[in-house]
2 protein chains.
Amino acid sequence: MNYPNKKSSFNKNYINYGNRGMTLESDINVSNKYYLENDIAVIYKKPTPIKVVKVDYNNRINTKIKEAYYEIPSTTDYNGIYKGKYIDFDAKETKSKTSFSLNNIHKHQLDHLIKIKNHGGISFLIIKFSTLDKTYLLETKWLEEFLNSSDRNSIPLNFIKEKGFEVDYNYYPRLEYIKILDKIIKGEQYE
Amino acid sequence: MNYPNKKSSFNKNYINYGNRGMTLESDINVSNKYYLENDIAVIYKKPTPIKVVKVDYNNRINTKIKEAYYEIPSTTDYNGIYKGKYIDFDAKETKSKTSFSLNNIHKHQLDHLIKIKNHGGISFLIIKFSTLDKTYLLETKWLEEFLNSSDRNSIPLNFIKEKGFEVDYNYYPRLEYIKILDKIIKGEQYE
């Protein structure tokens, strides 16, 4: 769960089109809202899976859940459709300035991304290096290549810079990752 | 939420390949598991959206949610990928023998199905007439046609029989709706 960051309080005197101060998740959510409202793409964040243990049925208007626990998601956080293509991704933030640790991804999330790629979908990670204020989109095929060719437990930033695409920030939509998807679709590797 | 049905206790002396006694949701879930394990399709049920109000952080091992409420989903329950196509649907049960009431679907769910269709995805409803022990798959284009041409608040079974496809039950996978998707894809209306 990404809880709202205390740093994200908005400073009225300073409009910053960069990505400082907002979580990657909230940036993606407002971007998806923009894409949806403008009929560009239909991409949603999946609800967080919660295991409900105790429920109070006496509350007639709205069933009250009295005991529940967060569960580990079996897939990624985001999926949807763009230009007829199935889109599936997860968003990760790291404070590191040099690499992205694979400890940030569950094994079954990696497996899921690979499955989607193999079934003809466009799957990827959006990785934000928050200290560097840089965000990249890395397709699953490069993740797979890295996993198959390296024993390292973290992907060097240089690898991500070389193989991935930097994602631009803007005013609205905040994070223009759809522009990157256009490049990927044009590349025709998914045709 | 579909809670387990009391009628679903398994009778060892009677193997029934029909669909009596299991909820449509559990039938779809076991079918999706089969499709996933056999690498045929990657289709998941989305978690039920829950609004968390109070959380107990003292429980160090696993954060305990102390107060939460079910929310109305903004999309459908199921989505995923099959043969490179984006798949999106909802599953509904009715006890009626003659029609499917549109009160069973939220307006924003209908809007979502139509959006997905317009973006080139395959979207539909799986409707189980539990009293008749019959299940149908109805594509969004027919839902739309019905909504645009009729003032009725329920879709007659005859319309569903004529425009939709009956979905067969089997031992494993329980509900072979992928066979119907093959017919739809062959029909090339999504090419």
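## Sheets, helix packing and the chain A–chain B contact

In chain B of this predicted model, six strands make up an open sheet with mixed pairing, ordered 1-4-5-7-8-10. Strand 1 and strand 10 of chain B are the edge strands, each with a single partner strand, so one side of each has no neighbour in the sheet. Strand 10 of chain B runs antiparallel to strand 8 of chain B, and two bridges join them. Within this part of the sheet, Tyr136(B) stands opposite Glu166(B) of strand 10. Helix 1 of chain B lies across strand 1, strand 4, strand 5, strand 7 and strand 8 of chain B, and runs at about 150° to strand 1 of chain B.

Chain A also has an open sheet of six strands with mixed pairing, in the order 1-4-5-7-8-10. Its edges are strand 1 (42-45) and strand 10 (165-166) of chain A; each has a single partner strand, so one side of each is left without a neighbour in the sheet. Strand 7 (residues 122-129) and strand 8 (residues 134-139) of chain A run antiparallel and are joined by six bridges. Phe124(A) has Glu139(A) in strand 8 of chain A as its bridge partner. Helix 1 (residues 24-37) of chain A packs on the sheet, where it touches strand 1, strand 4 (78-82), strand 5 (85-94) and strand 7 of chain A; its direction makes about 150° with that of strand 1 of chain A.

The antiparallel strand pairs described here, including the one between the chains, are listed below.

| Strand pair | Bridges | Bridge partners |
|---|---|---|
| Strand 8 and strand 10, chain B | two bridges | Tyr136(B), Glu166(B) |
| Strand 7 and strand 8, chain A | six bridges | Phe124(A), Glu139(A) |
| Strand 3, chain A and strand 3, chain B | four bridges | Tyr69(A), Lys64(B) |

Between the chains, 26 residues of chain B are in contact with 27 residues of chain A. Strand 1 (42-45), strand 3 (64-70), strand 4 and helix 2 (107-118) of chain B each give at least two residues to the side that touches chain A. Strand 3 of chain B has the largest share of that side, seven residues. By class, this side of chain B holds twelve nonpolar, nine polar and five charged residues.

Which residues of helix 5 (residues 177-186) of chain B are buried? They are Tyr177(B), Ile180(B) and Leu181(B). These residues lie on the same side of helix 5 of chain B because they cover an arc of only 105° around the axis. On the other side of this helix, Asp182(B), Lys183(B) and Lys186(B) are exposed. The cover over the buried residues of helix 5 of chain B includes helix 1 (24-37), strand 5 (85-94) and strand 10 (165-166) of chain B.

Note on methods:
Residues are numbered from 1 along each chain as its sequence is written. Chains are lettered from A and ligands numbered from 1 in the order in which they are written. This is a predicted model: local features need pLDDT of at least 70, side-chain atom pairs count only at pLDDT 80 or more; totals for chains, interfaces and linings use all residues. A residue is buried if 20 or more other C-beta atoms lie within 10 Å of its own, exposed if 12 or fewer, and partly exposed in between; C-beta atoms are placed from the backbone. The arc is that of the directions from the helix axis to the C-beta atoms. Two residues are in contact if their C-beta atoms, placed from the backbone, lie within 7 Å. Ala, Val, Leu, Ile, Met, Phe, Trp, Tyr, Cys and Pro count as nonpolar, Asp, Glu, Lys and Arg as charged, and the others, Gly among them, as polar. Two strands pair if DSSP finds at least two bridges between them. Axes are lines fitted to C-alpha atoms, for helices over the stretch in contact, and angles run from 0 to 180 degrees between N-to-C directions.
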